[in-house]
Amino acid sequence: MLKTITLDGEQTIYQAGETHQLFVQALKDSEQEIVVDLSHITEADSSLLQILIWLQHEGVRLNRPVQLLNPSHAIKDVIGLLGLHASFPADFGATS
């Protein structure tokens, strides 16, 4: 069974605390695979990428699969700007 989380709108430093808490709670609530849909994000900055990298590491540490799917153009732009392609899965952007 999957735990799907859809992020939308702005995901910048102003939403970082709330977004981080959302993922902390998701990791605590169940042992399900976590799927994060990023297709509805209209604006993003490095704070979101830090949170997503942390989430991936926590998933590995807790042996909990994490999938990041459907990155919006805003996400792809920030990843490219910061040169963080290596920090995200090779199939990042694939849909399921």
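Where is the place of Leu 81? Leu 81 sits in helix 3, which covers residues 73-82. This is a predicted model, and Leu 81 is one point from which to enter it. With a relative accessible area of 71%, Leu 81 is exposed, because exposed means over 50%. Compare its place with that of Gln 11. In sequence, 70 residues separate Leu 81 and Gln 11. In space, their C-alpha atoms are 16 Å apart.

Now turn to the strands. Strand 1 spans residues 2-11 and strand 2 spans residues 33-44. These two strands run parallel, and nine bridges join them. Two of the pairings can be followed by name. Leu 2 has Glu 33 in strand 2 as its bridge partner. Glu 10 has Glu 43 in strand 2 as its partner.

Strand 2 also pairs with strand 3, residues 66-69. Here four bridges link the two, again in the parallel sense. Within this pairing, Val 36 stands opposite Leu 68 of strand 3. In a regular strand, side chains alternate between the two faces of the sheet.

Next, see how the strands are linked. Strand 1, helix 1 and strand 2 form a β-α-β unit, and this unit is right-handed. Strand 2, helix 2 and strand 3 also form a right-handed β-α-β unit.

Helix 1 deserves a slower look. It takes in residues 16-29, which is 14 residues. At 1.5 Å a residue, helix 1 should span 20 Å, and its end C-alpha atoms are indeed 20 Å apart, so the two values agree. Which residues of helix 1 are buried? They are Ala 16, Thr 19, Phe 23, Val 24, Ala 26 and Leu 27. These residues cover an arc of only 160° around the axis, so they lie on the same side of helix 1. On the other side, Glu 18, Lys 28 and Asp 29 are exposed. What covers the buried residues of helix 1? The cover includes strand 1, strand 2 and helix 2, the last being residues 46-61.

Between strand 1 and helix 1 there is a loop, and Thr 12 is found in it. Is Thr 12 buried or exposed? Its relative accessibility is 6%, so Thr 12 counts as buried, the limit being under 20%. Leaving out residues up to four places away in sequence, Thr 12 touches Glu 43, Ala 44, Asp 45 and Ser 47. One of these, Glu 43, has already appeared as the bridge partner of Glu 10.

Last comes a pair of charged side chains. Side chains of opposite charge can pair when their charged atoms come close. How many salt bridges does a search of the whole structure find? The search finds one. It joins the side chains of Glu 58 and Arg 61, at 2.8 Å from N to O. Both residues belong to helix 2, and they are three residues apart, so about one helical turn separates them. An α-helix has 3.6 residues a turn, so residues three or four places apart point the same way. The two partners still differ in exposure. Glu 58 is buried, because its relative accessible area is 15%. Arg 61 is exposed, because its relative accessible area is 57%.

Key
Residues numbered from 1 in each chain as written. Predicted model: local features only at pLDDT ≥ 70, side-chain atom pairs only at ≥ 80, totals over all residues. Heavy atoms only, no water. Expected span 1.5 Å × (residues − 1). Buried < 20%, exposed > 50% of the residue type's maximum accessible area, 1.4 Å probe, protein only. Arc of directions from axis to C-beta. Contact = heavy atoms within 4.5 Å. Salt bridge = Lys/Arg side-chain N within 4 Å of Asp/Glu carboxyl O. Pairing = 2+ DSSP bridges. Right-handed = clockwise from strand over helix to strand, strands pointing away.
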